Amino acid sequence: MVAVTQSRLLSTLRYDVPASLVVFLIAVPLSLGISMASGAPLAAGLIAAVVGGIVAGALGGSAVQVSGPAAGLSLVVADLVQTYGWRATCMITLLAGAVQLVLGVFRAARAALAVSPAVVHGMLAGVGVVIALSQLHVVLGGTSQRSALANIMELPAQLAEMHGHTVAVGLLTIAVLALWTRLPKRVKVVPAPLAALLVAAVTAYVFRWDVTRIDLSGTLGAWEFPVVPQGDWMHIVAAVMLVALLAGVESLLCSVAVDGMHTGPRADLDQELTGQGVANMVSGALGGLPLAGVIVRSTANVQAGGRSRWATILHGAWVLVFALGFSWTIKLIPVEALAALLVFIGVQMVNLGHVRKVHGHGEVPVYVATMTAVIVLGLAEGVLAGLALAALLALRRLTWVTVKIHEMPDGRWHATICGSLTFLGVPRLTHELRTIPDGAAVDLDLNIDFMDNAAFEAIHSWRLGHERLGGTVDIDEVHDEWYALAASGARTYPAKSLPKAPDRSWLPWAHRNHRPVHHMTPSTHTRPASVECQLTAGAREFHRRTAPLVRPIFTELARKQQPSHLFITCADSRVVPSLITASGPGDLFTVRNIGNLVPRRGAEPHDDSMAAAIEYATQVLSVHTITVCGHSGCGAMAGLLSGGVKAGSLPGLRRWLRHGHHSLARFIENADDPLDARALDQLCRVNVQQQLENLRTYRKVDEQVRDGRLQLVGLYFDIGAARVHMVPPLPPTLAVKI
C-alpha cells in the first residue's frame, strides 16, 4: 500500500503538476474572455474555473477532462443576464446543476449522445460567429449590439469611426495568436492566449496608448447569494433545462472525444454528468458562470502529460491562488485585447474539420441550418431547428429507396434497388420497374435493410407479370434475404430474427445455387438455345456487382504493380491463393504449376518459365518474400510416389515430375515407413522444403537471402481441414546429393 501511494505521488509530481500549470495558464485568459462575452462579472469566469477544476475534477467520471466556463454557453448566459439579472442567472445555473445531478443519478448520460454531432458543431460554429461579430465592435473602439444581425448592420459605420490605439491593440493581439503556433516548441511552452494578452498589455503600457482597462468591481470577495428569477415560470424552467442540457451534452461529447486522446481509464459518463451537476450547483451558489467540459483545456491537459484527475484539481487550485493573490494584474489587460482574443476564439469555433466530418455523412444541411438559425434567431431556436432537420433527414433515409436500371452490352437488363423498402417507396419502385421492356432478361439486385409487405407485393407482382410475358428475373439479395423469406411464406418477421445471408460469391460453382443462364432464341421464349459459360456468367456478375466497388483500387494499380511476395503454388483448382492468405489485388506475384515445383538452376529438362518469374520478381519487382505453398492430396506427389505409374501415358507430365526427384529422395531417406498411409501428405510437406532449397540454387536469390533482403517461406494447405500451416526449412545436415 505504501509503495502504491508513493508511486502515485511520484507520478503526480512528474506528470500532473506540470500539466496543471499549463492548463492554468490557458484557463485564466479564456475564463476572463468568456465572462466578458457573457455579460457577467469577470470574477464569475474565475469562480467557474476554480469550481470546474476542483469540484468537477474530483467528482467527475473522466480522469483528464478539464471543466470550466464554456464559450458555447456564453450566448445563453448573456441573454439570461439581460432578462433576469446576474444574481438570478446564478440561481438558474444552480438549478441547472440540480437537473444534471438528477439525470446522472438516473443514468441518463448515454441518452445525451443521441444528439447529432452536426447539431452540436453547428451550434458551436454559430456561437463563434456571434461572439466574433459582437467583440469585433469592441476591438474597433465601439460597443457590441444585442443581436448578430444588428452587429453586421452597424459594422460599416464602426469601421469608418474606428479608433487608432484600440484597433492597434486588437490587431497586435490577433497577430500574436496567429503567429504563436509557428514559433519553436521552446517558446510555445507559454500558451498563446497568455502570451497575446501579455504582449498587448506591455505594449499598451510602454507606449501609453489610450485603451480601456478591465474593471474588477465584481471580485471574489464581493459575493451575494443568488436570488430566485422573477417572471414567467415556463420561461424560467425552459432556461434551466436549456443550460442543463447544453452544458451536459457538451461535457459528455468532450469526454468521448478526450477518451480517444489518451490510454488511461475510459470515462464513466453517468459519473461525469453527476460531477458536472454538483459543480454547476456550487458555481451558481458562489456567483460563477455555468461550466462544462472544455475541449481546448482538456486537449492541452493530455498533450502536457496529465494522467490523473490531480492535474485538473491542481489547475483549479492555481486559478484560486491567482484570483486571491494576483487578481490586481488583470487591471493591466486592455479590454480591446480581451475582445480580440474572443474574436480569434470565435473564428476558430467555425471548424472546417467538423464540416468535412459531417459532409462524409450527408449532414452538412443540419450543420448549416443550425449555425444560421443560431446567428439569426438565437441559441435555443437554432438548436431546435437543427434537431428538427436532423430528425427529418433521418426519417427520409429510413424511407428513401434508390432504383437504378440500365441495359447491359449483352442485352440483359440490370436493376439495383437500395435503401429501406416501405409502402412510401412503392409508387416510385413500381414506376421504375415498369420501364424494363417486356420479355427482357433481368438481373435484380436487392441491397436493402428492410422490406415491408407492400414493397414485397410490388416486386413479386412485377416479377410474376414479367415472367408471364416471357422474361426472366434473377434476384440476388446482397444482405439479408428479405424477399426470399417473404416469398417462402414467412412474410411477418422481426428484423433482428432474420438470418444473415452468407456471402457465397467466392464459393466454387458446384456449391452455388445460381441457376444456369439461358439465352432465348428470337422466335420463341419457351426453349433455351444455349447454356452460358460459367466463366462468362461470372465475368458478367463481376461487372455488375464487384467492379463498381473495386474500380478505385484497380485504377490505382493500373499505373504500376508493386507486389511484396512471389507466391509459388500448385495449379490444383482447390488452392485459391488470395483466399488462404487473405491477400488482394496487387499483393502477390503468383506462379502456378503442377506440384509447385521449382526446377534447380540448369536442371534437365530445361525450363525457363520458372527462372524468368524468379528473376523478374527479385530483380525488377524487388519482392521481399518468396513463398512456396504445397497442399494435401497433391496429384503430382502421388505420381512421384507411384514411380511414374500414375502419370500413365502423359509424357510431358512424366518429364516435368523429374524436377520432384530430389523431394522423393529426401522423403525416402528420412521417412520411417515410406508406405505409411500418411506418406503422401508427408511427401507434400517435404516437397515444400525441397523447393525452398532449390530456390537457393539461383545466385541472386541466394545473395539476397544472405544479405537479409529476401525471406523464403514454406506453407502447407490442408484442404480437408481448411488450415494453412507453416513449413520450416530442413536442417542443412539433411541435404541429399543426387
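Thr-569 has Arg-592, in strand E10, as its bridge partner. The model in which this pairing appears is a predicted one. The two strands concerned are E9 (residues 565–570) and E10, which run in the parallel sense and pair over six bridges.

These strands belong to an open sheet of five, ordered E10-E9-E11-E12-E13, with mixed pairing. E10 (588–593) and E13 (723–727) are the edge strands; each has a single partner strand, so one side of each lacks a neighbour in the sheet. From one strand to the next, the twist averages 25°. Helix H23 (residues 608–620) packs on this sheet and touches E9, E10 and strand E11 (625–631). The direction of H23 makes about 170° with that of E10.

A separate piece of packing involves two helices. Such a pair is described by the angle between the axes and the distance between them. For helix H3 (residues 74–84) and helix H10 (residues 233–259), the angle is about 155° and the axes are 11 Å apart. Angles over 145 degrees count as roughly antiparallel, and H3 and H10 are therefore roughly antiparallel to each other. Their crossing is left-handed.

Which residues make this contact? From H3 come Val-76, Leu-80 and Tyr-84; they meet His-235, Ile-236, Ala-239, Leu-242, Val-243 and Leu-246 of H10. By class, the residues of the contact of H3 with H10 are eight nonpolar and one polar, with no charged residue.

Terms used:
Residues numbered from 1 in each chain as written. Predicted model: local features only at pLDDT ≥ 70, side-chain atom pairs only at ≥ 80, totals over all residues. Heavy atoms only, no water. Axes fitted to C-alpha atoms, helices over the stretch in contact; angles between N-to-C directions. Helix = DSSP H or I, 4+ residues; strand = E, 2+ residues; numbered from the N terminus. Parallel < 35°, antiparallel > 145°, perpendicular 65-115°, else oblique. Left-handed = near helix turned anticlockwise from the far one by under 90°. Contact = heavy atoms within 4.5 Å. Nonpolar A, V, L, I, M, F, W, Y, C, P; charged D, E, K, R; others polar. Pairing = 2+ DSSP bridges.
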